[in-house]
Amino acid sequence: MHVVWFKRDLRIHDHRPLLDAAAQGKVLCLYVYEPELLATPELGALHLGFINESLAELRVRLRELGADLVIRVGRMPDVLDAIRRQHGITALHSHRETGNRVSYERDLRVAGWARQHGVPWYERNQFGVIRKLGTRDGWAARWSKFMSRPILEEPGALRAQPGIEPEGLRSANDLGLTPPSQRDVQHGGEKLGLETLDSFLAERGAGYRYEMSSPLQAWDSCSRLSPYLAWGNVSMRTVFQRTRARSAEVKELRKQKVDLDPRWLQSLSSFQSRLRWHCHFIQKLEDEPELEFRALNRQLDGLRDGNLRNHYFEAWANGHTGYPMVDACMRALHHAGWINFRMRAMLMSFASYQLWLPWRPTAQHLGSQFLDFEPGIHFSQAQMQSGVTGINAVRIYSPIKQVKDQDPEGQFIKRFVPELEAVPPEHIAEPHRMPSALQRKLGCIIGKDYPAPVVEHGPAYASARRRISAARRRPEVREESERVYAKHGSRKRPARRASGSA
Ligand SMILES: Cc1cc2nc3c(=O)[nH]c(=O)nc-3n(C[C@H](O)[C@H](O)[C@H](O)COP(=O)(O)OP(=O)(O)OC[C@H]3O[C@@H](n4cnc5c(N)ncnc54)[C@H](O)[C@@H]3O)c2cc1C
C-alpha cells in the first residue's frame, strides 16, 4: 500500500506523489493535523479554516476517483507507524517542504522512521526550490526549466486500501486552537484557486503592475493567489504556464489589432517575475534554515536589542499607533488575512525602524495574520524590510508619504479606521496636527477618540536611518554582506546597496 502524504499541496492536479502512488498499487491518501506545527506562533485557527475547506473539497475529489482522504491527528512518525502495523506500507510519497524548524525536524524524524522500517520515502519538488543547491549561479534558468515541464494530469482512478477508518475533519476547538475573530478571508480549495487564477488572467490582472501598491486597488488587481500557493491548492507550474500562455495570447491579439487594455503585457511580465521571487525567497530558507531565527547578516544580529517595548508592540499589533496608514493596514489585515506587498513592507518597516522593535516577534505577529503564511518568503521579507540582510537597499517607509501616494482622500483609511470618518483629506495623514478647535468640531479628539502618535515620525525616522547606516558601514558587516550575497543574492541584477526612503 502506497501512502500519499498531503501537506501544503492540497490539490489533485499536477500532483506527482499522487500520480506515482496511483500507478503503483493501492493508495492511502493521508492528511495529518500536527499539533506541534499548529502550536507554532505563526499558525492558528485562521489557517486551519482554510486548510479544512481545502480538505473537504479534496476528500470529495478523491472519493470521485475511488479513494478517501484519511485524516489523523498526531505526530507524523506515530501516525505512520500505527498505519504500518495495521496495514503495512510499501512506500511513502509526498512533496518536499521547505518549512520552519518544526516541520524540518519533523521531516528528519519521518526520514528516520522510514529508514528504520525499510519504507522508501519519495519526496518530489513542487516548487523551483533546489535541495543541496551548490551555487546560486544559473538558479533562475533551472527554475524556468522546472516550471516549463508538462503539467501532470490528475489520476484516472485510485485503488483504495479497504478497511481504514477515514475519520472526520477537526475544528479549532477539537485541536485546542482559539477560534478566529470575525474575518472576511479568502476560502480554500482547488476549484476556487483555479477560478482565482482564471479571473486574474482574464480580467483583473490588466492593471496589476500599476495598481499593486495601492491599498485600494490591490484587492482586485493583485492575483490573490498567495493562500492557494501557500497551501498548494494550485501548483506554481500551472500558474506559470497559464501566465505564459496568456502573454502569448495578448501578443497575438495585439498583432491582430484587437482592442485590448494596453497595460496587459507589462502587467503579466511583472507578475511572472514575482512567481520566480516566490521560489527565490524560499530557496534562501532552504539554504539557510537559521534565517527563521537569526539575521542573514550575522553581524547585524544584535542591531536591535531584544527589548520588545510592550507599549510600542501592542500599539502596532492592534492598529493603534496614531498613524492612520499603519493602523488601517493592520486592521485591514486582521479583517481579511491579507494586505498587499507595499503595505506589508510598510507595516514591517514601521515596527523595525520608527519603533526600532526586534524583527522576530513582529514577524511572528504578521505571520499569524497572513492567511498565506509561507516561512521562506515571510522571514526573508521580514529581515529585508528590517535592514538585516545587508544586501538589500534600506527602505524606510514613511506612513505619511504613503497616504499622499496611495490614499490621498483617505478612503482606505476611513474604511478601516472609522474614528477618522470626519477628518478632511488635508489632515488624514497626520490627524494629530489638526488644531484643537477643529478636533472638537469634528468630534475626533486625538488622544481620546483616536490615539496620539506612539512616536514622532520625524525624529524616529532620522534616528533609525543614522543607526542602520552606521551599522552597515562597519567593515565586518560589509564583509559578511559579501558572504550573504554570494550565497543568496539574485543573479538577475547586481546587489542593490543604495539606501532609499519610501
Ligand atoms: C514583511 C512581508 C512578509 C511577507 N510574507 C509573505 C508570506 O508569508 N507569504 C507570501 O506568499 N508572501 C509574503 N509576502 C510577499 C507578498 O507581499 C505576497 O506574496 C503578496 O502580497 C500576496 O498577494 P498576491 O498573491 O495577490 O500577490 P501577487 O502580487 O499577485 O503575486 C503573485 C505571487 O507571487 C509571489 N510573490 C509576490 N510578491 C512577492 C514577493 N515580494 N516576494 C516573494 N514572493 C512574492 C507570491 O507567491 C504571490 O502569491 C510578504 C511580504 C512582506 C513585505
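**Exercise 1. Which helix gives the most to the shell around the ligand, and with how many residues?**

Solution. Let's start at the ligand, keeping in mind that this is a predicted model.

- Step 1: Helix 12 is the one to pick, as it gives the most to the shell, with 5 residues.
- Step 2: Look for other helices that take part. At least two shell residues each come from helix 10 (226-230), helix 12 (264-287), helix 15 (341-354) and helix 17 (375-384).
- Step 3: Now go closer in. There are 28 residues around the ligand, and those that come nearest are Cys 222, Ser 223, Ser 226, Phe 341 and His 378.
- Step 4: Sort the shell by class, and you get 16 nonpolar, 7 polar and 5 charged residues.

**Exercise 2. Find the domains of the protein chain, then say which of them each give at least three residues to the shell around the ligand.**

Solution.

- Step 1: Divide up the chain: domain 1 covers 2-126, domain 2 covers 190-287 and domain 3 covers 290-501.
- Step 2: Check the shell against these bounds. Domain 2 and domain 3 each provide at least three of its residues.
- Step 3: Turn to domain 1 and domain 2, whose centres, taken over C-alpha atoms, are 29 Å apart. Their contact uses 13 residues of domain 1 and 15 residues of domain 2.
- Step 4: Take the side of domain 1 that touches domain 2, and you'll find 4 nonpolar, 4 polar and 5 charged residues there.

**Exercise 3. Are helix 11 and helix 12 roughly parallel or roughly antiparallel to each other?**

Solution. Here we come back to helix 12, this time with its partner helix 11 (residues 236-255).

- Step 1: Get the geometry. The two axes come within 10 Å and cross at roughly 160 degrees.
- Step 2: Angles over 145 degrees count as roughly antiparallel, so helix 11 and helix 12 are roughly antiparallel.
- Step 3: Add the handedness: helix 11 and helix 12 cross in a left-handed way.
- Step 4: See who touches whom. Among the contact residues are Met 236, Val 239 and Phe 240 of helix 11, along with Trp 264, Leu 265 and Leu 268 of helix 12.
- Step 5: Class the residues of this contact, and the split is 9 nonpolar, 4 polar and 2 charged.

**Exercise 4. Work out how helix 4 (residues 76-87) lies against helix 5 (residues 101-116).**

Solution.

- Step 1: The axes of helix 4 and helix 5 come within 9 Å, and they cross at roughly 30 degrees.
- Step 2: Under 35 degrees counts as roughly parallel, so helix 4 is roughly parallel to helix 5.
- Step 3: Met 76, Pro 77, Leu 80 and Asp 81 make the contact from helix 4, and Arg 106, Arg 109, Val 110 and Trp 113 make it from helix 5.
- Step 4: By class, that's 5 nonpolar, no polar and 3 charged.

**Exercise 5. At roughly what angle do the axes of helix 16 (residues 359-369) and helix 17 cross?**

Solution.

- Step 1: The angle is roughly 135 degrees, and the axes come within 10 Å.
- Step 2: That angle makes helix 16 oblique to helix 17, and the crossing is right-handed.
- Step 3: From helix 16, Trp 359, Ala 363 and Gly 367 meet His 378, Phe 379, Ala 382 and Gln 383 in helix 17.
- Step 4: The classes here are 4 nonpolar, 3 polar and no charged.
- Step 5: Link back to the ligand: His 378 is also among the residues that come nearest to it.

Notes:
Residues numbered from 1 in each chain as written. Predicted model: local features only at pLDDT ≥ 70, side-chain atom pairs only at ≥ 80, totals over all residues. Axes fitted to C-alpha atoms, helices over the stretch in contact; angles between N-to-C directions. Helix = DSSP H or I, 4+ residues; strand = E, 2+ residues; numbered from the N terminus. Parallel < 35°, antiparallel > 145°, perpendicular 65-115°, else oblique. Contact = placed C-beta atoms within 7 Å. Nonpolar A, V, L, I, M, F, W, Y, C, P; charged D, E, K, R; others polar. Near = placed C-beta within 6 Å. Domains from an automatic or database assignment. Left-handed = near helix turned anticlockwise from the far one by under 90°.
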